[in-house]
Amino acid sequence: MAARTIVDAIKANPEFVLGVATGSTPIKVYAEIAKLVKAENVDVSKVKAFALDEYVGISKDHPESYYQVIKVNVTDQIGLRPENVNTPSPDIKTVATAGADYEAKIKAAGGVDLQILGIGRDGHVGFNEPGSSLASSTRIKTLTQETLEDNARFFDSIDDVPKHCITQGIGTILRAKHLLLLAFGESKAEAIAGALEGAVTSSLPGSAVQLHPHVTAIVDPAAGSKLKNLEYYKWVYENKPSWDAI
Ligand code: GLP
């Protein structure tokens with residue numbers, strides 16, 4: 001569903017600006033987009049992409065830098081032009097200005113048309129950890145112990161996980177025209193229920209999606225298992241209007 005939505009949007013607007021997320025959740029979506037793009041011969045030469053975040057102090061060549069993760073899973077796989085794909089700079093020397101530079105780049109591209117989001121177990125989106133301002137822009141953040149533990153699987157040991165990152169802010173994410181939140185598995189159930197049905201609070205940064213006018217959430221039964229209004233959402237889906245005006 002996610003890949004179909006995105007590919008159709010690219011067909012309608014060849015200069016589409018796609019916001020991409022790392023983590024394991026969207027990996028299959030990227031593979032499916034690549035498949036559809038090839039099968040349907042979709043022109044992606046003008047599509048731009050912006051990643052949500054990057055570790056600070058890691059080399060761009062490190063296989064777990066988000067630059068590389070996006071290069072392998074998005075740029076190369078889907079066939080985007082490398083010059084059209086952006087990740088925040090991991091360079092410590094430019095860390096003070098990297099956030100503002102990234103915001104300027106997003107603005108110059110006309111803003112993000114659709115932002116793919118995963119969610120951390122602690123409710124983070126991008127790397128906006130609990131306590132992040134709901135109006136924040138791209139900036140440096142310090143990762144929580146929980147996030148370091150979750151991301152240790154990608155490194156030799158937890159000590160190798162960078163403790164700092166540069167991430168689009170929640171304010172940046174909310175400026176995207178459409179948010180597509182994805183979550184799979186039991187470990188995300190609490191965060192999804194909080195994000196979609198809990199109080200809007202910086203303690204659960206994903207809850208900021210409730211402030212956005214156009215959000216689609218795609219969750220599997222396990223990730224949706226703690227949603228209070230699940231039956232109603234199913235009812236809405238089954239009874240969605242068929243007229244074209246919306
Ligand atoms: C990572 C990323 C987030 C991602 C989240 C969940 O640390 N910075 O953008 O959504 O954590 O990751 P996963 O999809 O692997 O569960």
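**Figure 1. The ligand in its pocket.** In this predicted model, the ligand sits in the second largest pocket, a space with a volume of about 380 Å³. Of the 23 residues that line the second largest pocket, those closest to its centre are Gly23, Ile119, Gly120, His124 and Lys188. Helix 5, which spans residues 145-151, supplies the largest share of this lining with 3 residues. Divided by class, the lining of the second largest pocket holds 7 nonpolar, 11 polar and 5 charged residues.

**Figure 2. The shell of residues around the ligand.** There are 14 residues around the ligand, and among these Ser24, Thr25, Asp53, Arg153 and Lys188 come nearest. The shell around the ligand is made up of 3 nonpolar, 8 polar and 3 charged residues.

**Figure 3. Contacts to oxygen atoms of the ligand.** An N or O atom in the side chain of lysine 188 is 2.6 Å from an oxygen atom of the ligand, and for an N or O atom in the side chain of arginine 153 the distance to an oxygen atom of the ligand is 3.0 Å. Isoleucine 119 takes part through its backbone, where an N or O atom lies 3.5 Å from an oxygen atom of the ligand. Taken on its own, the ligand has 390 Å² of accessible area, of which the protein covers 94%.

**Figure 4. The largest pocket.** The volume of the largest pocket is about 930 Å³, and of the 24 residues that line this pocket, Thr216, Ala217, Ile218, Tyr233 and Tyr237 are the closest to its centre. Two or more lining residues are given by each of helix 1 (2-12), strand 8 (178-183), strand 9 (215-219) and helix 8 (230-238), with helix 8 giving the most, namely 6 residues. By class, the lining of the largest pocket comprises 15 nonpolar, 6 polar and 3 charged residues.

**Figure 5. The enclosed cavity.** The count of cavities of 30 Å³ or more comes to 1, and the largest cavity holds about 30 Å³ of space. Its lining consists of Leu117, Val125, Ile170, Ile173, Leu174, Leu179, Pro205, Ala208 and Val209, and these residues of the largest cavity divide into 9 nonpolar, no polar and no charged. Helix 6, covering residues 170-175, contributes the largest share of the lining of the largest cavity, with 3 residues.

Technical notes: Residues are numbered from 1 along each chain as its sequence is written. This is a predicted model: local features need pLDDT of at least 70, side-chain atom pairs count only at pLDDT 80 or more; totals for chains, interfaces and linings use all residues. Side-chain values use heavy atoms; hydrogens and water are left out. A residue is near a molecule or strand if one of its heavy atoms lies within 4 Å of it. A polar contact is a pair of N or O atoms within 3.5 Å; within protein, one must be able to donate a hydrogen and the other to accept it, and residues adjacent in sequence count only if both atoms are side-chain atoms. Accessible areas come from the Shrake-Rupley method with a 1.4 Å probe; for residues, only the protein chains shown count as cover. On a 1 Å grid over the protein atoms alone, a cavity is a set of points where a 1.4 Å probe fits but cannot get out, and a pocket is an open set with protein on both sides within 12 Å along at least five of seven lines; lining residues have an atom within 4 Å of a point. A molecule sits in a cavity or pocket if more than half of its atoms lie within 2 Å of its grid points. Ala, Val, Leu, Ile, Met, Phe, Trp, Tyr, Cys and Pro count as nonpolar, Asp, Glu, Lys and Arg as charged, and the others, Gly among them, as polar. Grid points are joined across faces, edges and corners, and a volume is the space filled by probe spheres set on the points. Helices (H or I, at least four residues) and strands (E, at least two) are DSSP runs, numbered from the N terminus.
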